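Okay, thanks for making room for me today. Let me put the structure up, and then I'll talk through two parts of it.

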Amino acid sequence: MKTVVERRLTGVAASPGVAFGHAVTSWDPEFVTLNYTLEPSEVDSQVESLRRSVDESRQQLVRMQDKLAGAVGGDSTTLIDAHLLILEDRLFVERIVEKIRAERINAEWAIQAVSSHILEAYDRVHDDYLRDRRGDLEDVVRRLLANLRSYHPLTFDSLRYNSILVGRTILPMTLLELKSPRLVGVVTESGGPLSHTAIVARSLNLPAVMGVDEVLPGLMSGELIIVDGDEGVVIRAPSEETLESYRVRVQENAETRRRVERPVGAPCVTRDRISILLGSNINFKEEVDAAVAHECEAVGLYRTEFDFFRDGPKPSEARLAEDYAYVLSHAGDRWVNIRAVDAGMRENRDGWPATGSRGLRFLLENRGLFRTQLRAIYRASVHGHARILLPFVSTPEELSEARRINADVRRRLSERGVPFDESVPMGVMIETPAAAESCDLMASQADFMCLGTNDLIQYLLAVDRTDLANLQLYDPYHPAVLRVLKRVHTLVAPTGKPMVVCGELAADPYSAAVLLGLGFTRLSVNVGAYARIKRMIRSVAVTELREMADGILGMRSRDRIERRVRDTLAKDL
Amino acid sequence: MTDREVVIGHKLGLHARASARLVQLAGGFQSRICISRADRSDGTEADARSILSVLLLAAAQGTRVRVAADGRDEQAAVEAVCHYLGGGEGA
């Protein structure tokens, strides 16, 4: 028997916790398939499903060809010819069938195994043209998998084992679609702790390691792997000793979570009796239930992108209104900051954020979409305490324009006799350096504000938070960050408008303590960090933190700043 | 078995369109037809009826390949395939 040696692959810790399970490799960021071994009795039906999918794919291509032949002809039908020939290629289809029978694996798995093998052969040939032809095979595979999925909808719940999703890139949406107790961990080759996929993994309490080089080559679906989201390590072929030590850690973590996660009932006040409002950030509607279970005081940030684009680029108003009614009614008497879609923010495949037209700029360019979402929020507003939050605002003029559209939407709803809550406030995200510097001007046109520290730091320090090589540059202890936070607080305080800090800065106990020291009294954090931050708040005295804040504002070195913060809190945390 | 060597005459070599035609042409014969590169001894052999394996030859214009057929119509098959690969309008 071949001896397998344990291998540790290093990446970046993106979501804490540890897990072990069987790898489910994602062939394509949008296509996760479940790979499993078959009972002997299931083999024939898998082969039949495959043949059905091949037939159906062929028919779809022929129909497309007929349509195109009339319209354009020429090259595009040649392309379809190539796809059809692949489907008719015995080397391809018959090899898949053989694999299903010989290895007793499901059709999806066999398709990926055979195509990966061919694609690897293509990559070995140094021919640019041929490398481009990979796309033909990939398209055919995608079509086959899509047709298969229509007979076997994807669900991790049916798995007999715990699984870990491994892919080059995994979209946040995919994690949400797949969430199941059987999905226990995530590994990606791209991305990092500040990517949206990581945010979602944390909110789902899924340990994740990202930015792991070369984890996919050679990794077989079904292989047992360990994800260590505390250390940022993935272990392949773990030895029995390693596995045992992780078994213990998984159990310990589960116990600590049970203990720590419910400091419920305890009020959110500091040792010197200052009340801090601690809200939750949620990324999809069902997460409101987790927020409520933690007895959070409000939903400081409901990121609506994931729910918004769930069914495609143009959601219906009725469906959105249903989503928001769900969140508002489940939140009960807590207010919910529903942030209008920050659409430019959806990362492209390489994880680069597009800044040209995102947030409010995007909404003002896509007014139909903006109005649809506003109407949906108003329709749902009768179910609870909705507040509208505008994303990525950078000029007071944009804000005025958004307010004008909002007023118009309200007027039309009234004219049509649609009942809604007239008192829904409107707030702005302060997350660009421009907005931070002019937040007093913004305050005059807004009912409340949210300080989004993730983007603010990124744009202030001119670093890309998805760029792993330069992650250390994204530094919350940079003196410029402290000064901007201080400045924002100084500008906003006299306006009397409430401000909630809802970035990751609030979710780290140390930087959250800095925020309290600078004078902020409202924080909102992802559900996974809620208990930790509440514990920090209950263990500190704001008077001491103020002193610390004054001290670090005068420091030049980020290392000294960080040391001072850690020393101040060490005794409490 | 019948075999013969031929130099690829198509301007783009055995790329998608030419390969697709070749596969269709080969499908018209009963014999099993194999194509390998005469300039390499790596044993890469393509089944002329499989587009995926033909593409893998990455045979550009000017590449010398060996065409071998085995079956009842092997002579006609080699003749037709070589004619096509050599740049004739055999398909």
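I'll start with one strand and its partners, then move on to a pocket.

One thing up front: this is a predicted model. So, strand β9 of chain A, residues 233–236. What sits on its two faces, buried or exposed side chains? Well, V233(A) and I235(A) are on one side, V234(A) and R236(A) are on the other, and all of them are buried. In general, side chains in a regular strand alternate between the two faces of the sheet. Here both faces of β9(A) are covered, and that includes the one with the arginine, R236(A).

Now the partners. Strand β1 of chain A, residues 7–10, runs antiparallel to β9(A), with 4 bridges joining them. Strand β8, residues 224–228 of chain A, also pairs with β9(A) in the antiparallel sense, again over 4 bridges. Keep an eye on R236(A): it's the bridge partner of R7(A), and it's the bridge partner of I225(A) as well. β8(A) and β9(A) make a hairpin with 4 residues between them, and in that turn G232(A) has a positive phi of about 75 degrees.

Okay, the pocket. How much space lies in the largest one? About 1400 Å³. Its lining is 42 residues, and nearest the centre you've got P16(A), R202(A), A507(A), D508(A) and R532(A). The elements of chain A giving two or more residues to that lining include β2 (12–15), α8 (240–260) and α20 (530–539). By class, the lining has 18 nonpolar, 12 polar and 12 charged residues.

That's it from me, happy to take questions.

How values were computed: Residues are numbered from 1 along each chain as its sequence is written. Chains are lettered from A and ligands numbered from 1 in the order in which they are written. This is a predicted model: local features need pLDDT of at least 70, side-chain atom pairs count only at pLDDT 80 or more; totals for chains, interfaces and linings use all residues. Side-chain values use heavy atoms; hydrogens and water are left out. Buried means under 20% relative accessible area, exposed over 50%, partly exposed in between (1.4 Å probe, protein chains only). Two strands pair if DSSP finds at least two bridges between them. On a 1 Å grid over the protein atoms alone, a cavity is a set of points where a 1.4 Å probe fits but cannot get out, and a pocket is an open set with protein on both sides within 12 Å along at least five of seven lines; lining residues have an atom within 4 Å of a point. Grid points are joined across faces, edges and corners, and a volume is the space filled by probe spheres set on the points. Ala, Val, Leu, Ile, Met, Phe, Trp, Tyr, Cys and Pro count as nonpolar, Asp, Glu, Lys and Arg as charged, and the others, Gly among them, as polar.
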